[in-house]
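Biologist: I have a model on my screen and want to learn how to read it. Where should we begin?

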Amino acid sequence: MENQSPSPSILLIIGGGIAAYKSLELIRQCAKRGIRTRAILTAGGAQFITSLSVSGLTGEKTFTDLFDLTDETEMGHIQLSRAADLVVVAPATADLIAKAASGLANDLASTALLATNKPVMMAPAMNVQMWNHAATQRNLATLRADGVTQVGPDEGEMACGEYGPGRMAEPTAIAEAIAKALDAGETHAGATPHNPVHNLTGKHVLVTAGPTHEPLDPVRYIANRSSGKQGYAIAAALGALGARVSLISGPTDLPNPAGIQTIRVETAREMLAATQNTLPADAAIFCAAVADYRPEIETAHKIKKERGGLTAIALAENPDILKTIAHHKTQRPELVVGFAAETDDVINHAEAKRARKGCDWIVANDVSPSTGTMGGDRNTVTILNEDGEENWPDMPKADVARKLAERIAETLNMLRPVNAAE
Ligand code: C5P
């Protein structure tokens, strides 16, 4: 019999704000979209709505701070934080935002936020002054850097009579954002439990992505056009299969993928150090477009034009991160994958690169300007390994990422069968 995918689900944390009443409508809007909700009602939230009305709409027990050891035997707070595909905080009060940003865990809601391994989405709601306060904005920036996504707030008249940003987004808008996040496979849901061959639970995969910036002086650097899109999509796709992913990224405009530990670096040497610090890993995917050379000298002061005659920049070779990790004596990941961005004779160059770098697979692609691959949303790749080559048709980078993540899972699970793990 074929496996039936269970409907997607969220853990909704209802904070203590007047907007809590809108969360009841949010549960209804999610149900309309086939999304199940289990809720945590904070002590503050319970001042505005009752757990009875929440349970009436979710059809499930509502968890509160009265959650006691009896509940722990039924469902521990760790399991509660991980059973859903996405954790949604609505309304996300200034207090809940501050707790999550600083990693406090002194009640059920904040503990669930710290214990979860699932992406988190917040719908802030608070008074306009509280919203504008530097502390709130600082906390939100921290959460964004941690991969938390945000819906709203809206601007308008508030319950307190003031006007401005701080009103919780409308339940339909939040439900739409939830459905989109669940659909985009930005969660760790779905793929993991049903096809054991594609299950990466318990595996650690590191991914490098983006360009590197190699400074010449405090304001100038050498860089390349890599957007990081393909690497970020691969990190998200591996996370969706249950892997613990460490994404080591050069400077990009992209937000951290939801639920993925993202380490931001600037230079090739920083990227190498971060990669080495992230070992051991079961697999390593080297997507970054690392600058092969850096200015030999980084001057402490801006180079002045009037000094005249800057006709050449002396360059020093950067470390080859992929080659270093592929030849690691004690901690070589079981599977090492490199990328080869070429503009001509793609396959021959890629095969030579596989041998030279010592990696198991090369994902080769043509980055000639006419292909639009660099910075674009689509990619045409060929996978080369010791058995030969496989050409994939042109497809969105997200699909390349999904297929590649599945292929990585199949390979890792063949190297070490899932049932033998842990
Ligand atoms: O030699 P080339 O830059 O074409 O090799 C591309 C592959 O090597 C990519 O997987 C890239 O991430 C990796 N690489 C690296 N460190 C470098 C240069 C490339 O990890 N310094």
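**Pocket, ligand, cavity and backbone**

Modeller: Start with the second largest pocket, which is lined by 38 residues; Ala288, Ala289, Val290, Phe339 and Ala341 lie nearest its centre. A word on the source: this is a predicted model, where local features need pLDDT of at least 70, side-chain atom pairs count only at pLDDT 80 or more, and totals for chains, interfaces and linings use all residues. Residues are numbered from 1 along each chain as its sequence is written, and side-chain values use heavy atoms, with hydrogens and water left out.

Biologist: What counts as a pocket, and what as a cavity?

Modeller: Both come from a 1 Å grid over the protein atoms alone. A cavity is a set of points where a 1.4 Å probe fits but cannot get out. A pocket is an open set with protein on both sides within 12 Å along at least five of seven lines. Lining residues have an atom within 4 Å of a point.

Biologist: How much space lies in the second largest pocket?

Modeller: About 950 Å³ (the space filled by probe spheres set on the points, which are joined across faces, edges and corners).

Biologist: Which elements line the second largest pocket?

Modeller: Strand S8 (204-209), helix H11 (229-240), H13, S16 and H14 each supply at least two residues. Helices (H or I, at least four residues) and strands (E, at least two) are DSSP runs, numbered from the N terminus. By class, the lining has 17 nonpolar, 13 polar and 8 charged residues. Here Ala, Val, Leu, Ile, Met, Phe, Trp, Tyr, Cys and Pro count as nonpolar, Asp, Glu, Lys and Arg as charged, and the others, Gly among them, as polar.

Biologist: Where is the ligand?

Modeller: The ligand takes up space in the second largest pocket. The test is that more than half of its atoms lie within 2 Å of the grid points.

Biologist: Which residues surround the ligand?

Modeller: A residue is near if one of its heavy atoms lies within 4 Å. The residues around the ligand include Phe286, Asp292, Pro319 and Gly338. Helix H13 (321-326), strand S16 (335-342) and helix H14 (346-357) each give at least two residues to this shell. The shell has 7 nonpolar, 1 polar and 4 charged residues.

Biologist: What polar contacts does the ligand make?

Modeller: Look for a pair of N or O atoms within 3.5 Å. A ligand oxygen is 2.4 Å from an N or O atom in the side chain of Lys353. Lys357 has a polar side-chain atom 3.0 Å from a ligand oxygen. At Ala288, a polar backbone atom is 2.6 Å from an oxygen atom of the ligand. Taken alone the ligand exposes 440 Å² (Shrake-Rupley method, 1.4 Å probe), and the protein buries 87% of that.

Biologist: How many cavities are there?

Modeller: The search finds 2 cavities of 30 Å³ or more. The largest cavity holds about 40 Å³ of space. Its lining is Met122, Leu140, Leu143, Arg144, Val148, Thr149 and Gln150. Helix H8 (134-145) and strand S5 (149-150) give two or more residues each. H8 has the largest share, 3 residues.

Biologist: Which peptide bonds are cis?

Modeller: One joins Ala90 and Pro91, with omega about -5 degrees. Pro91 lies in strand S3 (residues 86-92). Another joins Gly152 and Pro153, with omega about 5 degrees. Pro153 lies in the loop between S5 and strand S6 (154-157).

Biologist: Where is Asp345?

Modeller: Asp345 is in the loop between S16 and H14. Asp345 is not a glycine, yet has a positive phi of about 45 degrees.

Key: Polar contact = N/O pair within 3.5 Å; in protein donor to acceptor, adjacent residues only side chain to side chain.
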